[in-house]
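Reader: I should like to understand the terms used for a protein structure. May I put some questions to you about the one shown here?

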Amino acid sequence: MLGVYTSPRYATDHFVYLTYSEPGEGGSSLAMARAKLTIGQGTASLDGLQVIWRDGMRGKGGQFGAAIAFHPTASTYT
């Protein structure tokens, strides 16, 4: 896991975005996913997790870093 980011509209959409190193054949690469955070009485879950971006390049070694930014005028974040 590299980062966890809340949607700019989190108060209404409850989306969180996750960046992480995704293992695969030939090495690892970066990926980003989105899910809805559901918080209940003593419970929490990420629902509808969907990978929305993958870096196609895989490699061995090195160190990943990832951050995301939201455009202030975007109407949706997918």
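Reader: Of the contacts in the protein with a separation of 6 or more, what percentage is accounted for by residues 24 or more positions apart?

Author: Such residues account for 42% of those contacts, where contact means heavy atoms within 4.5 Å. This is a predicted model, in which local features need pLDDT of at least 70, side-chain atom pairs count only at pLDDT 80 or more, and totals for chains, interfaces and linings use all residues. Residues are numbered from 1 along each chain as its sequence is written, and side-chain values use heavy atoms, with hydrogens and water left out.

Reader: Which elements does the protein have, and in what order do they run?

Author: There are 1 helix and 4 strands, and from the N terminus on they run β-α-β-β-β. Helices (H or I, at least four residues) and strands (E, at least two) are DSSP runs, numbered from the N terminus. Helix 1 covers residues 10–13, so it satisfies the requirement of at least four residues.

Reader: How do you know that strand 2 and strand 3 pair?

Author: Two strands pair if DSSP finds at least two bridges between them. Strand 2 and strand 3 have 10 bridges, in the antiparallel sense, and therefore count as paired. Within this pairing, Tyr 17 stands opposite Arg 34.

Reader: Which further strands pair?

Author: Strand 1 (residues 3–6) pairs with strand 2 in the antiparallel sense over 4 bridges, and Gly 3 stands opposite Thr 19 there. Strand 3 (residues 27–40) and strand 4 (residues 43–54) also run antiparallel, joined by 9 bridges. Arg 34 has Gln 50 of strand 4 as its bridge partner.

Reader: What is found in the turns of the hairpins?

Author: The hairpin of strand 2 and strand 3 has 2 residues between the strands, and Gly 26 in its turn has a positive phi of about 90°. In the hairpin of strand 3 and strand 4, again with 2 residues between them, Gly 42 has a positive phi of about 75°. Gly 26 is also 6.2 Å from Arg 58, C-alpha to C-alpha, although the two are 32 residues apart in sequence.

Reader: What makes the phi of His 14 worth a remark?

Author: Most residues other than glycine have a negative phi. His 14 has a positive value, near 60°, and is not a glycine. Its place is in the loop between helix 1 and strand 2.

Reader: Why is Ala 35 called buried?

Author: Buried means under 20% relative accessible area, exposed over 50%, and partly exposed in between (1.4 Å probe, protein chains only). Ala 35, in strand 3, has 1% relative accessibility and so counts as buried. Leaving aside neighbours within four places in sequence, Ala 35 is in contact with several residues, including Phe 15, Val 16, Leu 46 and Leu 49. Buried residues make up 23% of the 78 residues in the protein.

Reader: Why are His 14 and Gly 26 called partly exposed?

Author: The relative accessible area of His 14 is 30%, and that of Gly 26 is 47%. Both values lie between 20% and 50%, so both residues are partly exposed.

Reader: How do you know that Glu 22 and Arg 54 form a salt bridge?

Author: A salt bridge is a side-chain nitrogen of Lys or Arg within 4 Å of a carboxyl oxygen of Asp or Glu. In this pair the N to O distance is 2.9 Å, so the criterion is met. The pair links distant parts of the chain, with Glu 22 in strand 2 (residues 15–24) and Arg 54 in strand 4, 32 residues apart. Glu 22 counts as buried at 12% relative accessibility, whereas Arg 54, at 49%, is partly exposed. The structure holds 1 salt bridge.

Reader: Why does Asp 13 have no salt bridge?

Author: The nearest side chain of opposite charge, Arg 9, is 5.9 Å away, and the cut-off is 4 Å, so no salt bridge is counted. Here Lys and Arg count as positive and Asp and Glu as negative; His and the chain ends are not counted. Asp 13 is nevertheless buried.

Reader: With which side chain does Asp 13 make a polar contact?

Author: The side chain of Asp 13 makes a polar contact with that of Ser 7, at 2.8 Å. A polar contact is a pair of N or O atoms within 3.5 Å; within protein, one must be able to donate a hydrogen and the other to accept it, and residues adjacent in sequence count only if both atoms are side-chain atoms.
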